[in-house]
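Dear colleague,

I am passing on the structure we spoke about, and I would be grateful if you could look through it alongside the notes that follow.

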Amino acid sequence: MSGKTVERISAIAALIILLAAWVAGGVRSKGATLERIGNISEEIVGVRQIGPSVYEGHRRGDAGDKLCIAVAEHPGYGGPLQVAVVMNSSGVIERIALVDTTDTTTYVSRVLDAGVLDAFLGADAAKPPKVDAVTGATLSSTAMIKAANKAVARIRGTAGSDGPTAVSPDEILKAGLTIALFLAALLISSRFFRWNKTYARLGLLAAATAILGFLYGTQPSLASLVLLLAGFWAKGLASYTALLCLVLAFAVFFLTKKNLYCAMICPFGGLQEGLGRITKRTPPERTAWMKWVSRGFALTALSAALYFRNPSDAEYTPFGMAFSFIGSAAIFALTVLILVASLVVKRPWCALLCPATPVFDYLAFMRNWLTHGWKKEKQS
């Protein structure tokens with residue numbers, strides 16, 4: 001069997017696996033709300049829906065002790081974030097829980113550890129507390145607070161309809177700068193650019209590393225791809241910058257047939273290249289087994305995230321740790337290893353493990369395969 005045949009079979013198999021994960025995840029998520037409410041406490045039984053996002057249950061062993069439960073959601077960083085509030089017959093908030101989120105686990109843990117939701121416990125539902133967002137996890141904490149207040153309002157019957165979330169001026173500025181970076185990449189790569197392309201590329205890479213990396217801490221990732229494929233973006237996001245970056249990266253790739261994002265814009269690539277230029281190292285040779293290992297990692301992470309409908313399941317890159325110091329101990333160790341390795345070989349993460357590489361490889365392979373087949377059919 002030739003290498004090209006293996007590539008084609010693998011490409012089709014990957015597509016089937018992703019479709020199966022997407023469909024199975026959709027089936028799994030149906031009716032999940034009641035299951036999540038049941039997980040809040042074993043004391044709450046007999047839960048039934050009595051209105052839009054409002055439920056009624058009772059305490060185990062006492063059918064007369066009614067409990068009112070409301071569920072509400074608000075766009076977080078990775079999609080809708082859902083909070084449930086339980087009020088007893090005295091009008092006091094007895095329990096509150098984060099029942100569903102697609103935000104990064106590290107950010108969510110930071111908010112929960114800060115006691116953002118615990119501040120609601122014991123409060124009168126008619127006078128919910130004022131809670132401040134957590135610095136460093138502002139988008140996730142704001143989403144939790146707003147979802148909790150919305151759930152309380154639903155219990156009181158004062159909640160309005162869920163309208164579109166307004167885009168802040170900061171998000172508009174982020175989007176404008178992101179678009180400007182991609183336009184600059186298009187200009188530098190074009191034949192109309194008359195100046196030194198090497199220096200221009202390095203300048204753009206440095207600017208993108210500073211803006212998207214250190215300033216905004218955002219980049220397209222597998223999590224962004226899951227957001228796009230699972231349709232979370234349609235329900236609202238606290239920030240669209242990473243998704244916009246992903247869409248622009250794909251658009252430029254199909255327009256120019258070049259991966260300009262990795263070459264000129266990727267912040268983590270810029271960080272590695274900057275370190276590599278200190279020792280003037282060259283990139284490692286990307287052997288076949290390295291390609292298949294990175295493809296396997298990317299496919300596994302994408303499939304799991306689509307099945308569990310959680311973009312953060314697809315996130316295993318060191319980007320968050322490198323620019324925002326967010327991530328687990330394992331990610332911290334991986335980040336240090338990659339940065340040190342950047343002094344020995346050029347862009348080791350990009351060459352060996354970055355999930356963007358197999359995604360662009362896949363798109364290029366499918367485009368060439370389909371285009372070649374179409375041209376062959378046209379010639380016959």
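**What was found**

Phe-332 has a relative accessible area of 48%, so it counts as partly exposed, and please keep in mind throughout that the model is a predicted one. Phe-332 belongs to helix α13, which covers residues 329–341. Measuring from C-alpha to C-alpha in the model, Phe-332 lies 23 Å in space from Leu-299, and the two are 33 residues apart in sequence.

Turning to the interior, the largest nonpolar core consists of 50 residues, and Phe-182, Tyr-261, Ile-265 and Phe-268 are those with the most contacts inside it. Helix α8, residues 241–256, supplies the largest share of this core, namely 8 residues. If its neighbours within four places in sequence are set aside, Phe-182 is in contact with Cys-245, Leu-248, Ala-249 and Val-252, and also with Tyr-261 and Ile-265. There is also a second, separate core of 28 residues, and Val-54, Ala-72, Ala-151 and Ile-155 are among its members.

Two helix pairs may interest you as well. In the one pair, helix α5 (residues 169–189) packs with helix α6 (residues 197–215) at an angle of about 170°, and their axes are 10 Å apart. Because angles over 145 degrees count as roughly antiparallel, α5 is roughly antiparallel to α6. The crossing of these two helices, α5 and α6, is left-handed. On the α5 side the contact involves Leu-177, Thr-178, Leu-181, Ala-184, Ala-185, Ile-188 and Ser-189, which meet Lys-197, Ala-200, Arg-201, Leu-204, Ala-208, Ile-211 and Leu-212 of α6. Sorted by class, the residues in the contact of α5 with α6 comprise 10 nonpolar, 2 polar and 2 charged.

In the other pair, helix α3 (residues 105–113) and helix α4 (residues 138–156) pack with their axes 9 Å apart and at an angle of about 55°, and α3 and α4 are therefore oblique to each other. The crossing of α3 and α4 is right-handed. Here α3 contributes Tyr-107, Val-108, Val-111 and Leu-112 to the contact, while α4 contributes Ser-140, Ser-141 and Met-144. The contact of α3 with α4 holds 5 nonpolar and 2 polar residues, with no charged residues.

With best wishes

Methods:
Residues numbered from 1 in each chain as written. Predicted model: local features only at pLDDT ≥ 70, side-chain atom pairs only at ≥ 80, totals over all residues. Heavy atoms only, no water. Core = buried A, V, L, I, M, F, W, Y, C linked by side-chain atoms within 4.5 Å. Buried < 20%, exposed > 50% of the residue type's maximum accessible area, 1.4 Å probe, protein only. Helix = DSSP H or I, 4+ residues; strand = E, 2+ residues; numbered from the N terminus. Contact = heavy atoms within 4.5 Å. Axes fitted to C-alpha atoms, helices over the stretch in contact; angles between N-to-C directions. Parallel < 35°, antiparallel > 145°, perpendicular 65-115°, else oblique. Left-handed = near helix turned anticlockwise from the far one by under 90°. Nonpolar A, V, L, I, M, F, W, Y, C, P; charged D, E, K, R; others polar.
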